[in-house]
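Trainee: I have a protein model open on my screen and would like a close look at a single part of it. Could you walk me through one helix and how it sits in the rest of the chain?

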Amino acid sequence: MASHLLRQPRWVLVAAAPALLFLSLVVPFSAAKLTTGYYRKSCPRVEQIVSDVVTNKQISSPTTAAGALRLFFHDCFVGGCDASVLISTNAFNRAERDADINLSLPGDAFDAVVRAKTALELQCPGTVSCADILALATRDLVSMLGGPFYAVPLGRKDGLASHAASVEGNLPRPNMTMDAMIALFAAKGFTEQEMVALAGAHTVGFSHCKEFAARIFRYKAGEPSAFDPSMDPRFAQALQKACAKYVEDDTIATFNDVMTPGKFDNMYYLNLKRGLGLLASDHALVADRRTKPLVDLYAANQSAFFRDFSRAMLKLGLVGVKTGRQGEVRRRCHDFNNLFA
C-alpha cells in the first residue's frame, strides 16, 4: 500500500464509540437488480464476517469509520460504486486513489476492506465483490459510532477501470460555492436535501489544515491573523494555534466536529449554527437560504437526520453500480483480475 495512505494525521484524538443505535428503513431499490439476499446461498455469513472484521479494525484504529465513509463516497461519485478507488496504480495506469484529492484517504479504511476480503475469500472464494464489502463495511462502521443501521442491497460487481484523470470534477472541494455543490450533486441525481444529509458524515473524522487554511489565516489581505468572521472567534484562534505549522507538516489535522468527534450524531449541524463549521463548504450550508432550513431541521431533530441520512446512503450505494458482465469479482481488491483490463 502506498506510504501516503498509511500516514496518520497529527493532532487527532477519537472518543470511545457509543452504543449502537438501529434504524430500519424500507425503500424501493433501483433497477440495478441488487437485493439484500444476494449472497443468501453463496455466502450466507457475509454480513457477519464483514461486521466482525471491521469491528475489530475500528477498535484497534478508531479513525477507520470516518475513513470508510469518505472512501465509499469517493468511490461512488467517480464512476459508480464499483470499488475502483481501491485499485492500485501500476506501470500501465495511474489509478483513482492517486488523484490529488484522494491522496489523503486514510489507509485504515483501505485496510479494513482488504481484511474483510481476505476473510471472505477463505469462507466463500471468488464470491463477494470488493464493492459490496465496502458498502457493508461503511454501514457497519457508521452504526458502530452510534449512527443508523440500514439495509444494504448487494450484488455489485467490481469495476474494470480506474483512472486518476476521471476524478477531477466529480468530487466536492472544500472551497466550493453552494451553487457548484448543488450542481455537482444534482448531476449525480441527488436533491439538495440529500446533499445536506450526506454532509452530516462530517460529524466524524478530520480534515487537514490545508483544506481550511484560507479561513483562518490571512482572510484579509495583509493581516496574517485575520480569520473568517463567520467563525466563532475562539474556535478560529484555536485552529490557528493547532495549524500553525501546517505548511511544514501537511499531516496536521483537526476534527470536523470538535464537540463529539468520535460519535455519529447531529452535532455537525449544531456546530454550523454556532460558527464551528470547519470547511468553507460546511459554512455555506448554513449561510445559503436553500440549505439553511435543512441544517436547522437536522440540528433540532437527530431522528430526522438519521432517517434522511440512511435514505441518502442507500441511494448513494446504487450510483453507477455494475452487475452481471459489467464487472467482475476481484480476487484482490487492489488489482484487476486481468492486469490489462
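Mentor: Happy to! Let's take helix H13, keeping in mind that this is a predicted model. Before we zoom in, here is the setting. The protein chain holds 13 helices and 2 strands, and its C-alpha trace spans about 60 × 45 × 35 Å along the principal axes. For 341 residues, a compact globule would have a radius of gyration near 20 Å, and the 19 Å of the protein chain agrees with that. Of those 341 residues, 55% count as buried. The fold also brings together distant stretches of sequence: of the contacts between residues at least 6 apart in sequence, 77% join residues at least 24 apart.

Now to the helix itself. H13 covers residues 302–316. From its first C-alpha to its last, this 15-residue helix reaches 20 Å, close to the 21 Å expected at 1.5 Å a residue.

Which residues of H13 are buried? They are Ala 304, Phe 305, Phe 306, Asp 308, Phe 309, Ser 310, Ala 312, Met 313, Leu 314 and Leu 316. As you trace them on your screen, one general point helps: an α-helix has 3.6 residues a turn, so residues three or four places apart point the same way. You can follow Phe 305, Phe 309 and Met 313 in that list of buried residues, and Asp 308 and Ser 310 are in the list too.

What covers these buried residues of H13? The cover includes helix H3 (64–76), H5, helix H7 (192–199), helix H10 (267–273) and helix H12 (292–300).

One of those partners, H5, deserves a look of its own. Helix H5 runs over residues 130–144, and at 1.5 Å a residue its 15 residues should span 21 Å; the end C-alpha atoms are 21 Å apart, which agrees. In H5, 15 of the 15 residues are buried, so this helix is largely enclosed by the rest of the structure. Just after H5 comes Gly 146, which takes a positive phi of about 100°.

So, to put the picture together: H13 is a helix of 15 residues, its buried residues include Phe 306 and Leu 314, and what covers them includes H5, itself largely enclosed because 15 of its 15 residues are buried. If you colour H13 and H5 on your screen, along with H3, H7, H10 and H12, you will have the helices named here as cover for H13 in view together.

Definitions and conventions: Residues are numbered from 1 along each chain as its sequence is written. This is a predicted model: local features need pLDDT of at least 70, side-chain atom pairs count only at pLDDT 80 or more; totals for chains, interfaces and linings use all residues. Side-chain values use heavy atoms; hydrogens and water are left out. Helices (H or I, at least four residues) and strands (E, at least two) are DSSP runs, numbered from the N terminus. The radius of gyration is taken over C-alpha atoms; the globule rule is 2.2 Å times the number of residues to the power 0.38. Buried means under 20% relative accessible area, exposed over 50%, partly exposed in between (1.4 Å probe, protein chains only). Contact means heavy atoms within 4.5 Å. The expected span of a helix is 1.5 Å times one less than its number of residues.
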